[in-house]
Amino acid sequence: MTLRDRVYDLLDRLTRASGFERVLISLAALTLSMIVGTGLILFAGLLAECSSPAMRLFGLSFCYDPLAVFDKLFLGAFGDPINPAFKPLQGEFASIIRPGFDPLNGQLATTLSETTILIFAGVAVAIAFRAGIFNIGAQGQLVAGALATALALLPIAPHVTGAVGTLLLLIVGLLVGALAGGAFAAIPGALLAYFEANEVITTIMLNFVATSTALYLVANHFKDPESFANQTVALPDHALFPSVIFEARDDFSILALLFGIAMLLGIWYLLNHTAIGYDIRTSGIQPDAAEYGGVNAERTILTGMTLSGALAGIGGAVYVLMMLGNFQVGVPDYGFDGITVSILAGNNPLGVGFAGLLFGVLKSGSVVVDVGTDVPPQLVGVLRGLIILFVAMPEFFRMIGKRVVPADRHDPRGEQE
């Protein structure tokens with residue numbers, strides 16, 4: 001058997017892996033990344049200088065403790081469930097009465113708020129990938145949706161109040177974000193469908209167009225006159241997602257997260273049980289065969305890209321209506337993170353929720369490690385990237401396998417594809 005055949009067999013095996021097998025592969029990759037990360041932490045701790053070593057092993061002193069780092073990286077993202085204000089009251093009966101038990105803490109809210117935005121960014125990229133389109137412009141589409149939402153609600157919000165007003169403003173804000181993101185994504189979609197312009201180049205360039213346009217508009221026309229920062233006037237509280245069970249200062253709403261989960265279920269149903277979803281999936285798997293079967297390739301490309309941009313635009317709207325309360329220049333790179341989330345999920349809308357949670361935990365936990373340990377932030381960034389790389393690579397190779405493995409090959413169990 002040639003090397004090429006061995007590579008094909010490996011890719012074919014990954015392609016045919018069941019959902020349970022893919023979960024096991026991801027867990028194994030996560031475990032391996034932690035083993036490699038432990039080695040890096042120990043090596044860095046051996047070279048670093050500190051007054052009191054965190055641990056001693058084999059007669060050597062290490063400045064960093066890998067167990068403490070991973071504890072804060074993963075569990076720290078969920079915060080301290082015991083409210084510090086109640087800790088002195090716990091005493092020896094703390095394990096029984098737990099009067100200060102506070103699972104809805106601020107750190108958990110931060111993790112879930114990151115997860116919420118990443119859900120929208122991840123599914124936006126995923127649906128484009130499923131259509132065979134590389135949408136690298138989700139960041140620009142998210143910025144367009146965020147800015148449009150803030151500007152559209154500013155003149156309306158003072159005239160609509162009450163619970164009904166909140167519902168109306170949220171609906172309008174989300175629709176405006178979807179329209180702005182979808183329209184912005186339709187530009188590279190039309191260029192690809194009708195002029196065969198490379199979508200990777202056009203979407204990347206339009207990211208700069210979106211951020212630069214937003215900076216110009218906010219700095220010169222819509223800037224809050226009472227602020228030194230380039231940001232719009234804050235929306236009133238009744239125009240934002242209600243915090244419900246968390247504190248308002250936590251910048252998270254469980255309603256926004258539930259809306260994101262419902263949207264994931266809706267996109268999954270769209271892809272698997274509707275004619276539009278069938279066109280998108282078949283175009284992404286085999287464009288020539290799909291067109292031969294009656295699928296309008298140009299229309300499908302434009303539809304897939306527009307829908308992708310609309311979802312990213314909704315993510316921008318949620319960012320404004322849940323986390324900020326206005327538009328601020330310098331939106332975090334949620335759109336680029338969405339690419340990683342999509343790959344981690346294997347472009348499956350249902351998997352985006354779990355991948356978004358993992359990514360949200362790593363982002364939030366990294367801050368806890370930076371604040372709670374002496375580990376350099378550069379090393380924390382390396383650990384986070386290492387975990388994402390190890391977990392994403394099996395799905396990445398699986399995506400490659402779908403494209404390069406011949407359709408008539410047999411898998412190792414002798415099944416015909």
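This is a guided tour of one protein chain, moving from the whole fold to a helix, two polar side chains and a pocket.

Begin with the whole chain displayed, bearing in mind that this is a predicted model. The secondary structure comes to 15 helices and two strands, and of the 417 residues in the chain, 46% are buried. If you draw a contact map, counting contacts with a separation of 6 or more, you will find that 75% of them join residues 24 or more positions apart.

Next, select helix α3, residues 66-75, and show its side chains. Which residues of α3 are buried? They are Pro66, Val69, Phe70, Leu73 and Phe74, and because these residues cover an arc of only 110 degrees around the axis, they lie on the same side of α3. The general background is that an α-helix has 3.6 residues a turn, so residues three or four places apart point the same way. Turn to the other side of α3, and you come to Leu67 and Leu75, which are exposed. Before leaving this helix, add aspartate 65 to the selection: at the start of α3, one of its side-chain oxygens reaches to within 3.1 Å of the backbone nitrogen of leucine 67.

Now move to threonine 116, which is found in helix α5, residues 106-130. Is this residue buried or exposed? Threonine 116 has 1% relative accessibility and therefore counts as buried, the cut-off being under 20%. A polar atom of its side chain lies 2.7 Å from the backbone oxygen of leucine 112. Leaving aside residues up to four places away in sequence, threonine 116 touches Phe252, Ala256, Leu257, Val318 and Met322.

Phe252 leads on to the next stop, since it is also among the residues touched by serine 243. Select serine 243 in the loop between α8 (199-220) and α9 (254-273). Besides Phe252, and with residues up to four places away in sequence again not counted, serine 243 touches Ala248, Ser253 and Ile254. A polar atom of the serine 243 side chain lies 3.3 Å from the backbone oxygen of phenylalanine 246.

Finally, centre the view on Val23, Ser26, Leu344, Phe354 and Ala355, which, of the 20 residues lining the second largest pocket, lie nearest its centre. The space in this pocket is about 620 Å³. Colouring by helix, you can pick out α2 (19-47), α14 (349-372) and α15 (377-404), each of which supplies at least two residues of the lining, with the largest share, seven residues, coming from α14. Colouring by residue class instead, the lining divides into 14 nonpolar, four polar and two charged residues.

Definitions and conventions:
Residues numbered from 1 in each chain as written. Predicted model: local features only at pLDDT ≥ 70, side-chain atom pairs only at ≥ 80, totals over all residues. Heavy atoms only, no water. 1 Å grid on protein atoms, 1.4 Å probe; cavity = no way out; pocket = protein on both sides within 12 Å on 5 of 7 lines; lining within 4 Å. Points joined across faces, edges and corners; volume = space filled by probe spheres on them. Helix = DSSP H or I, 4+ residues; strand = E, 2+ residues; numbered from the N terminus. Nonpolar A, V, L, I, M, F, W, Y, C, P; charged D, E, K, R; others polar. Buried < 20%, exposed > 50% of the residue type's maximum accessible area, 1.4 Å probe, protein only. Arc of directions from axis to C-beta. Polar contact = N/O pair within 3.5 Å; in protein donor to acceptor, adjacent residues only side chain to side chain. Contact = heavy atoms within 4.5 Å.
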